[in-house]
Amino acid sequence: KKAVIGVTGLATMGRNLARNLARHGHAVAVHNRTPARTKALVTEYGHEGVFLPAETPEEFVRSLERPRRIVIMVKAGAATDAVIQEFAPLLEPGDMIVDGGNAHFEDTRRRERELRERGIHFVGTGISGGEEGALNGPSIMPGGSPESYEALGPLLESIAAKVEGVPCCTHVGPDGAGHFVKMVHNGIEYADMQLIAEAYDLLRHGLGMPPAEIAEVFRSWNNGRLESYLIEITAEVLAHTDPATGRPFVDVVVDQAEQKGTGRWTVQTALDLGVPVSGIAEAVFARSLSGSPRLREAARRLPGPSRFKLEQRFADDVEQALYASKIVAYAQGFNQIQAASDEYGWGIDLGAMATIWRGGCIIRARFLDRIRAAYAADPRTPTLLTDDHFAGALGDAQDSWRTVVSISAQLGIPTPGFATALAYYDALRAERLPAALTQAQRDFFGAHTYRRVDREGSFHTRWELPDRPEVGA
Ligand code: NBP
């Protein structure tokens, strides 16, 4: 008997993905560089389905039906290239390599191009949901050719999370589109987490609420429009008491947030594309700042404000600020996906991205249904902010949002995520931006020219001459 699909790389993610496949009745070939992992998988979980263990790449490839489907789940970067080098010579035209690791989309574009020349489909696939998702249903974002999706789609959809019966898996677009969307998903996740952290900080150090009480506030928020996995786990974390010390758990954790790089990639790519994703950027910078102990230690003696008393209803304002900022962060991320889709000709359906993020992944939320509806109403909307629902919510929230940003400044509690989101909102709706002054300065020192509000063409002012004559450029 041959396997319909194979998984190579059986650390946490690969093992759970292989088990998920087997549990759904697919015979899975399994392989790992170090054979001990393969043996352990079959010994511990062999009863869950049909596993075909292989010690060598050759044996692994032989055990697969054709066209072969191979999922690589190894460390992103050099390890992925090494595994591709090892397997590609053993494959034949029409075979498919699915890279389920967190690859950079430019690497995926390169690998896809190289393998396409050999007739092999390379399917860079974003897989979200961590260890638990891989086992019980992740959100899956496959790129690659449409033909490869015909052969892979049903398999991947069978193991993906389901929301209202709809699988959280769809063909995102060609070559690197899947990994790009996964990257922005992670960027949005950074922004979402930062906004939640700011809301917590305001309730904790602005209102002086203990973590257990804040957990209750988050629980109540999770019954409303903010309902999401991240809000739910925030309540759980805040309600947790450290068994060793009896203190709130959040207080015994070192306040330095780490990162693996997908948030940073999102911002780097957004800089290249010229898309303002300030919410994601602030979230990445907030983590960098937290992880700069020398800088923080040195600055700790700088004075802060004298405190003033807040009213209890401030928590409701924080909820408004959180929701409004979240709308902005998601709108920015979706704009980045749109820009890349235009740049690379991917033809990504933005509403479908919202649909496949409703389950399995970290940012799963009721909110994504709203985004889906917004794109259904207007697939080419320049920004989600102007969708009827979101525009209404922003209008209702804005007074509270402004209060929260100004009060947090007065309290000396940093809220870069809330503040940058509000600045983006106000900048987009501004009648006139001071960019006019920037452009005039550029013309002054570099003769970079400017356009006029009243006439077509580009112009330059001879700033060095006493009467500053204007010339058409
Ligand atoms: P790791 O990222 O820790 O990678 C370990 C696996 O890579 C092992 O199977 C190891 O084999 C294999 N490997 C390495 Br390292 N170098 C290799 C090489 N040169 N040749 C062949 N195999 C090699 O595993 P993971 O945490 O399961 O993640 C797998 C992928 O999924 C990563 O790209 C990760 O970014 C992505 N991802 C992870 C999560 C998550 O929550 N962890 C979520 C979504 C995506 P060995 O056993 O012989 O050392």
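The following exchange walks through a predicted model of one protein chain.

Trainee: How many helices and strands does the protein chain have?
Mentor: Because this is a predicted model, what we discuss is computed from its coordinates or taken from a record. The secondary structure of the protein chain amounts to 20 helices and 12 strands.

Trainee: What radius of gyration does the protein chain have, and what would a compact globule have?
Mentor: The C-alpha atoms fill a box of roughly 80 × 70 × 45 Å along the principal axes. For 473 residues, a compact globule would be expected near 23 Å, and the value for the protein chain agrees with that expectation, being 25 Å.

Trainee: What percentage of contacts between residues at least 6 apart in sequence join residues at least 24 apart?
Mentor: It helps to consider burial alongside the contacts, since buried residues make up 50% of the 473 residues in the protein chain. Among the contacts you ask about, the share that joins residues at least 24 apart is 67%.

Trainee: Which residues does the UniProt annotation "active site" cover, and in which helix is K182 found?
Mentor: The annotation comes from an unreviewed UniProt entry and covers K182 and E189. E189 is found in helix α8, and K182 is likewise placed in the helix of residues 177-206, which is α8.

Trainee: Is K182 buried or exposed?
Mentor: The cut-off for buried is under 20% relative accessible area. K182 has 6% relative accessibility, so K182 counts as buried.

Trainee: Which residue's backbone oxygen does the side chain of K182 reach?
Mentor: Leaving out residues up to four places away in sequence, K182 touches N102, G126, I127, S128 and M141. One polar contact of 2.8 Å joins the side chains of K182 and N102. The backbone oxygen that the K182 side chain reaches, at 3.2 Å, is that of I127.

Trainee: Which residues does E189 touch, not counting residues up to four places away in sequence?
Mentor: E189 counts as buried at 15% relative accessibility, and its position is in helix α8. With the sequence neighbours set aside, the residues that E189 touches are I362 and I363.

Trainee: Where does N102 lie, and is N102 buried or partly exposed?
Mentor: N102 is among the positions that an unreviewed UniProt entry marks as "binding site", and its contacts beyond four places in sequence are A76, K182 and W265. It lies in the loop between β5 (96-99) and α5 (105-116). With a relative accessible area of 35%, N102 is partly exposed.

Trainee: How far apart are the farthest two C-alpha atoms of the "binding site" residues?
Mentor: The UniProt feature, from an unreviewed entry, includes N102, G130, K260 and H448. The annotated residues span 347 residues in sequence and do not all gather at one spot, because the farthest two C-alpha atoms are separated by 48.7 Å.

Trainee: In which helix does G130 lie?
Mentor: G130 is another of the positions in the "binding site" feature of the unreviewed UniProt entry. Its relative accessible area is 32%, so G130 is partly exposed. The helix, covering residues 130-136, is α6.

Trainee: Why is there no bond between the sulfur atoms of C168 and C361?
Mentor: A disulfide is a covalent bond between the sulfur atoms of two cysteines. A search of the whole structure finds 0 disulfides, and the cut-off for such a pair is within 2.5 Å. The cysteine sulfur closest to that of C168 is in C361, too far for a bond at 7.1 Å.

Trainee: What relative accessible area does C361 have?
Mentor: C168 counts as buried at 0% relative accessibility. C361 is buried as well, with a relative accessible area of 0%.

Trainee: Which residues does T355 touch, not counting residues up to four places away in sequence?
Mentor: T355 lies in helix α16, which covers residues 350-356, and T355 is buried with a relative accessible area of 13%. Outside its sequence neighbourhood, T355 touches V166, C168 and R372.

Trainee: Which residue stands opposite S458 in β11?
Mentor: An open sheet of 3 strands runs in the order β10-β11-β12 with antiparallel pairing, and its edge strands are β10 (450-451) and β12 (470-472), each pairing on one side only. β10 and β11 (residues 458-461) pair over 2 bridges. Opposite S458 stands R451.

Technical notes: Residues numbered from 1 in each chain as written. Heavy atoms only, no water. Helix = DSSP H or I, 4+ residues; strand = E, 2+ residues; numbered from the N terminus. Buried < 20%, exposed > 50% of the residue type's maximum accessible area, 1.4 Å probe, protein only. Contact = heavy atoms within 4.5 Å. Pairing = 2+ DSSP bridges. UniProt positions renumbered as here; feature names shortened; annotations may be inferred. Polar contact = N/O pair within 3.5 Å; in protein donor to acceptor, adjacent residues only side chain to side chain. Rg over C-alpha atoms; globule rule 2.2 N^0.38 Å.
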